[in-house]
Amino acid sequence: MPIPGFRHATAQVNGIDIVYSIGGSGPPLLLLHGFPQTRALWARVAPALAETHTVVCPDLRGYGDSAKPQDVAACSFREMARDQVALMSSLGHAQFAVAGHDRGGRVTHRLALDAPQAVTAACLMDIVPTHTLLTELRMDVAQAYYHWFFLAQPGALIEDMIAADPDAYFHSCLTGWGAADLSDFDPDQLTAYRESWRRRDTIRGMCNDYRAAIAHDVHDDADDLGARITCPTLILYGASGAMARAYDVPATWASKCTDMRADTIPGGHFFIDTAPDATIAALRNFFL
């Protein structure tokens with residue numbers, strides 16, 4: 001779905017096509033969606049932020065209308081982060097602020113570590129560090145976030161299973177991580193998500209994202225265990241989501257940031273969809 005008032009374009013960066021929406025004027029702000037969504041996530045948030053910022057909303061590689069590499073290594077957060085640096089550079093922004101939800105938050109973390117000179121401020125939304133989740137895995141987290149391991153299985157079997165009824169599977173994701181019903185989601189945004197996840201190449205792209213997390217991202221994070229995000233960082237999370245129930249979310253990030261603050265949004269994991277006004281207020285307060 002179009003983001004109201006934004007224009008839509010394709011950039012050839014880092015060897016692939018990244019589709020994005022852009023609007024507003026002022027300091028650049030990059031917004032990164034997560035699983036199983038697209039840049040349509042920001043449809044009710046981006047226009048308000050565009051009153052004070054130049055807002056860029058891409059589809060991550062593997063998602064939406066962006067390219068979907070078949071190689072698992074090409075779907076790592078490091079490669080996704082390189083996409084974003086190249087995209088923002090192509091738009092004339094050597095430095096920018098960034099907010100990322102879910103997988104987009106993990107890209108934001110990697111981006112802040114790999115290109116600290118580019119990131120002026122970062123917001124990580126409803127995640128704990130990838131390394132923490134995968135190497136200190138508890139039974140309750142494994143049950144809530146089983147999809148990390150389901151989607152990461154090799155071969156086409158998982159993709160075949162999802163493709164048999166993608167709406168049923170991805171609806172279960174939207175409603176399964178705390179405090180959301182399908183009726184809480186904007187119908188036009190849901191339509192955009194469905195149009196994307198009904199495509200076989202998007203299903204493969206999202207599986208490759210999770211395959212890369214286990215094959216590559218957790219090892220990249222292990223190499224950087226002592227590294228810290230050096231820009232101002234906001235840890236924003238759903239007050240009643242799965243992560244808030246399982247973790248002291250700010251505590252998982254405290255040793256990984258030099259300048260950290262934290263706040264909650266009412267609702268669960270998908271609070272950007274279900275509480276857009278509260279999300280706008282939190283992001284404005286941080287980025288202004």
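Biologist: How many bridges join strand S7 to strand S8 (residues 260–265)?
Modeller: This is a predicted model, in which local features need pLDDT of at least 70, side-chain atom pairs count only at pLDDT 80 or more, and totals for chains, interfaces and linings use all residues. Residues are numbered from 1 along each chain as its sequence is written, and side-chain values use heavy atoms, with hydrogens and water left out. Strands (E, at least two residues) and helices (H or I, at least four) are DSSP runs numbered from the N terminus, and two strands pair if DSSP finds at least two bridges between them. S7 and S8 run parallel, and the number of bridges that join them is 6.

Biologist: Which residue of S8 is the bridge partner of Leu236?
Modeller: Leu236 points from S7 the other way to Thr233, Ile235 and Tyr237. Its bridge partner in S8 is Asp263.

Biologist: Is strand S7 (residues 233–238) largely buried or exposed?
Modeller: Buried means under 20% relative accessible area and exposed over 50%, with partly exposed in between (1.4 Å probe, protein chains only). Thr233, Ile235 and Tyr237 point one way while Leu234, Leu236 and Gly238 point the other way, and all are buried. Because 6 of the 6 residues of S7 are buried, the strand is largely enclosed by the rest of the structure, and the word for S7 is buried.

Biologist: In S7, which residue is the bridge partner of Leu124?
Modeller: Strand S6 (residues 119–125) pairs with S7 in the parallel sense over 4 bridges. In S6, Ala122 stands opposite Thr233 of S7, whereas the partner of Leu124 is Ile235.

Biologist: Through which helix does the chain cross from S5 to S6?
Modeller: Strand S5 (residues 96–101) and S6 pair in the parallel sense over 6 bridges, with Val98 bridged to Ala122 in S6. The β-α-β crossover between these strands is right-handed, a term for a path from the first strand over the helix to the second that runs clockwise with the strands pointing away from the viewer. The helix that the chain crosses through, residues 103–114, is H3.

Biologist: How many degrees of arc do the buried residues of helix H14 (residues 276–287) cover around the axis?
Modeller: In H14, Pro276, Thr279, Ile280, Ala282, Leu283, Phe286 and Phe287 are buried. The arc, taken from the directions from the helix axis to the C-beta atoms, puts them on the same side of H14, because it covers only 170°.
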